[in-house]
Amino acid sequence: MLNRMALSVLFITGLAFAGPAGEAGRYVETDEYLSSVFPAEVPAVKILWVAGDLREGVERTLGHRFAALRVRYWFDGARSAWVLDEIGKELPITIGVSVSGGAIQNVRVLEFRESRGWEVRYPFFTDQFVDARLGPNERLDRRIDGITGATMSVDAVTRIARIALLMHEHVANSD
Amino acid sequence: MNTSPTPTNGNNRARRWFRRGHRWAGLSLVVFILFLSISGIALNHSGGFELDRRYVNWSWLLDAYGLQVPNFSASFEDSGHRATLLGERLFLDGRDIGQMESVLAGIATVGSLLVIGGEQTIYLLTADGELVEAIDFGSELDGPIEKVGRIGDRAAVQSSGRSYRSDPGIAVFEAWDDVSAAYWSIATPPDAAEVAALETAWRGRGVTVERLLLDLHSGRIIGRTGPLLMDFVAAFLIVLSLSGLILSKVRNRRK
């Protein structure tokens, strides 16, 4: 009986001191992400100046000013990869998005800096974006289910997915 | 002759003390009642008075709010532009550029762009402080960025003893051994006027009048004891109301 109680106490203490299964941090380096998108060879980096109609579309989608004048991307003629930052609540989330043929190929959270909302890094959430396309009003053509307690992070990832599609469309049409 | 206090005398004395206590308690709470009433009315109409759009930036008040300006940890100047790291906020020419950093490695003017080095990020900015791009070097360098500079018309960085030079568009960097002609940014302290401008920029507009009134009303302005003090005042007001009711009932009964 005493042994069982001691084991229970140890188990509960262990649970209390165990770190959370997922938490804020750098999960994937940019070059690792790019290698996963372009397994054969990562194409040379390109620069997209976010100006004119594109900037208007991006800022309309984000609902706020886009902080940078240019973004870098990788494009092999069919598939593009974007590493973009968007603020969830107070700090930026670094998100990788790859797009092919106007549809999202994958979304990965590369770095999460805030103390809450990191659940958006898990595939059960990011897999919802696979094959999503831009619908009317620059919205996704499907519903993305949220995560309780991570609403702002969910919205931030969704916004980045939309602007990655918008930017891919821009570079694919101009190439 | 019976000199012992009669029950009637005792009741009168108690009543007198009760009335005197009620009066003194009322007088001592006048300041709180006036303050809570006026601040309450002001807060009820904060939208109309635009209290959420008016700011106060008295330094003692901002200190009380914990907005003490930290000492600058690094400052560099090149071609009339100064980059400074204050706390974890990056400032260019006394303006907050909205970027958080733990380290400032230097600033270099390259063509029309300014190159500012953070721990593992290069910030490209226009001369008026608009962000062109934040280039993350995290996965390319073995350690933090140690120096920022230029080689001819290209940007240059140094990390873990290795030097890198950018392309003309400052989009990509490559390892570069010939740094004989390189200019490397050197830390220099800002002068008194620049420090004053940085302190003003750090504190921003201050706190809104609405925030200040809310904190005064709730007592939070003086920390943890403030709400307890206000609870005490509220409890005192309840006691005062009840004692006032009792006194008025006694008076009515006498009439």
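## Confidence and conventions

pLDDT is the predictor's confidence in each residue, on a scale from 0 to 100. For chain B, the mean pLDDT is 87, with 95% of its residues at 70 or more. As for the complex scores, the model comes in at ipTM 0.78 and pTM 0.71.

What you have here is a predicted model, so local features need pLDDT of at least 70 and side-chain atom pairs count only at pLDDT 80 or more, while totals for chains, interfaces and linings use all residues. Residues are numbered from 1 along each chain as its sequence is written, with chains lettered from A and ligands numbered from 1 in the order in which they are written.

## Chain A: strands

Some ground rules first: helices (H or I, at least four residues) and strands (E, at least two) are DSSP runs, numbered from the N terminus. Two strands count as paired if DSSP finds at least two bridges between them.

Strand S2 (residues 45-49) of chain A runs antiparallel to strand S3 (residues 70-75) of chain A, and 5 bridges join them. Within that pairing, Lys46(A) has Tyr73(A) as its bridge partner in S3(A). Tyr73(A) also has a bridge partner in S4(A), namely Trp82(A). That belongs to the pairing of S3(A) with strand S4 (residues 79-87) of chain A, antiparallel again, over 3 bridges. The S3(A)-S4(A) hairpin has 3 residues between the strands, and Gly77(A) in this hairpin takes a positive phi near 100°.

## Chain A: a helix pair

Two packed helices are described by the angle between their axes and the distance between the axes. Here, axes are lines fitted to C-alpha atoms (for helices, over the stretch in contact), and angles run from 0 to 180 degrees between N-to-C directions.

Helix H3 (residues 52-62) of chain A packs against helix H5 (residues 151-174) of chain A at about 165°, and their axes are 9 Å apart. H3(A) and H5(A) are therefore roughly antiparallel to each other. The cut-offs are under 35 degrees for roughly parallel, over 145 for roughly antiparallel and 65 to 115 for roughly perpendicular, with the rest called oblique. The crossing of H3(A) past H5(A) is right-handed, meaning that the near helix is turned clockwise from the far one by less than a right angle (anticlockwise would be left-handed).

## Chain B: domains and helix H5

Chain B splits into domain 1 (72-203) and domain 2 (215-241), using bounds from an automatic or database domain assignment. The C-alpha centres of these two domains of chain B are 50 Å apart.

Helix H5 (residues 192-203) of chain B gets a quick length check. Its 12 residues, at 1.5 Å a residue, should span 16 Å, and the 17 Å between its end C-alpha atoms agrees with that; the expected span is 1.5 Å times one less than the number of residues. Just after H5(B) comes Gly204(B), with a positive phi of about 60°.

## Chain B: two open sheets

One open sheet in chain B has 4 strands in the order S2-S3-S4-S5, with antiparallel pairing. Its edges are strand S2 (72-78) and strand S5 (95-100) of chain B, each pairing on one side only. Neighbouring strands of this sheet are turned by 20° against each other on average, direction ignored. Inside the sheet, strand S3 (residues 81-86) and strand S4 (residues 89-92) of chain B pair over 4 bridges in the antiparallel sense; Thr84(B) has Phe91(B) in S4(B) as its bridge partner.

Another open sheet of 4 strands follows the order S6-S7-S8-S9 (chain B), also with antiparallel pairing. Strand S6 (106-110) and strand S9 (131-136) of chain B are the edge strands, each paired on one side only. The twist averages 20° from one strand to the next. S6(B) and strand S7 (residues 113-117) of chain B run antiparallel, joined by 5 bridges, and Val110(B) has Leu113(B) as its bridge partner in S7(B).
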